[in-house]
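Student: Please take a close look at one part for me, the surroundings of the ligand. What lines that place, and how does the rest of the chain fit in?

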Amino acid sequence: MAGREVFKTTLTEIIQETPRVRTFRLALPSGSPFSFKAGQFVMASIPDFLNQKGRPVRRAYSVASSPKDLEKGYLELTITRVGEGGFFSNKIHEARPGDTILIDGPYGAFVLQGQNEPQPSRYVFVASGSGIAPLRGMIRTILLEGRNVPIELLYGFRHRSDYIYERELSGYVGTVPDFTLVTSLSQGTFSTLDDGASGKDGSFGRWKRLVGRITTLLPDLVHEVSDAKVYICGPPEMVAQTDSFFRETGFPEGSVHKEQW
Ligand SMILES: Cc1cc2nc3c(=O)[nH]c(=O)nc-3n(C[C@H](O)[C@H](O)[C@H](O)COP(=O)(O)OP(=O)(O)OC[C@H]3O[C@@H](n4cnc5c(N)ncnc54)[C@H](O)[C@@H]3O)c2cc1C
């Protein structure tokens, strides 16, 4: 059996998203055959970072950017520093621009509906914590490909300071028609708890800021069964509860897709 192909990338930029989360922008050499579909993950490793058996330490990370970004020569991984006990995530948080990061893949069947497939009436994304990473890649893809389909993002995180991609996501509310952003804090409070529409005539995106677990808020946020495509990503318990909610509400099995870690 042929060995997996390992691609050498160069870390070009590090974006501090929250105190514990960084986005690593990895550049591929021009003409690299690496490709992926929005939502998939890669296995990342660091040269000479080996386990006790002398093998590379490899960890799975969802690609947080879009295949459209790859046309510009880069992909992004958004990685939470686990802290105590976190082996690879702590190590990559020490990486600096210019360092080599190795990737292989892509892997996984958690994939955004293709541009040339029949489009749903809307896309619904439900994320908790760093589960936002592959969903951000999917949302970027829908927008960069100019698909004219409404997007709803329901995104839960613990504290106000854990808000990953805040600038990018809130920016969409002001610029993308039919983009709805619901953020929810499971702990703490937003300085303003509010909702509204960014355009005077309500034509631009809508936003809502709530407090509570996203799983318990779902019945208030999703009222009707439609031919939406639903993508869920987060910790196992959140994914299971969200998946059950959509199924019990009557969403057909093939319309709900999930990833957990
Ligand atoms: C498909 C997929 C996609 C993923 N995408 C992302 C992503 O986009 N972003 C992201 O941040 N993460 C993602 N992950 C998680 C990622 O792969 C790693 O699991 C994560 O970064 C932790 O790796 P680590 O080496 O730092 O921690 P590890 O060393 O693997 O440890 C993880 C946890 O387990 C505990 N632990 C380790 N060994 C033991 C032991 N022997 N006994 C008890 N507890 C132990 C540690 O204390 C720590 O809390 C994804 C996972 C999967 C499967």
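Tutor: Start with the classes of residue in the shell around the ligand. Nine are nonpolar, nine are polar and one is charged. This is a predicted model. In it, 19 residues surround the ligand. The closest are Gly85, Gly86, Phe87, Ser89 and Trp261. By class, Phe87 and Trp261 count as nonpolar, while Gly85, Gly86 and Ser89 count as polar.

Now ask which elements build the shell. Strand E4 (59-62), strand E5 (74-80) and helix H2 (88-92) each supply at least two of its residues. E4 gives the largest share, with four residues.

Next, step back to the whole chain. The domain assignment gives domain 1, residues 6-107, and domain 2, residues 123-260. Their C-alpha centres lie 25 Å apart. The two domains also touch. The contact takes 16 residues from domain 1 and 15 residues from domain 2.

Look at the domain 1 side of that contact. Strand E1 (6-18), helix H1 (67-70) and strand E5 each supply at least two residues there. The largest share comes from H1, with three residues. By class, this side has six nonpolar, seven polar and three charged residues.

Here is the link back to your question. E5 supplies at least two residues to the shell around the ligand. E5 also supplies at least two residues to the side of domain 1 that touches domain 2.

Methods
Residues numbered from 1 in each chain as written. Predicted model: local features only at pLDDT ≥ 70, side-chain atom pairs only at ≥ 80, totals over all residues. Near = placed C-beta within 6 Å. Domains from an automatic or database assignment. Contact = placed C-beta atoms within 7 Å.
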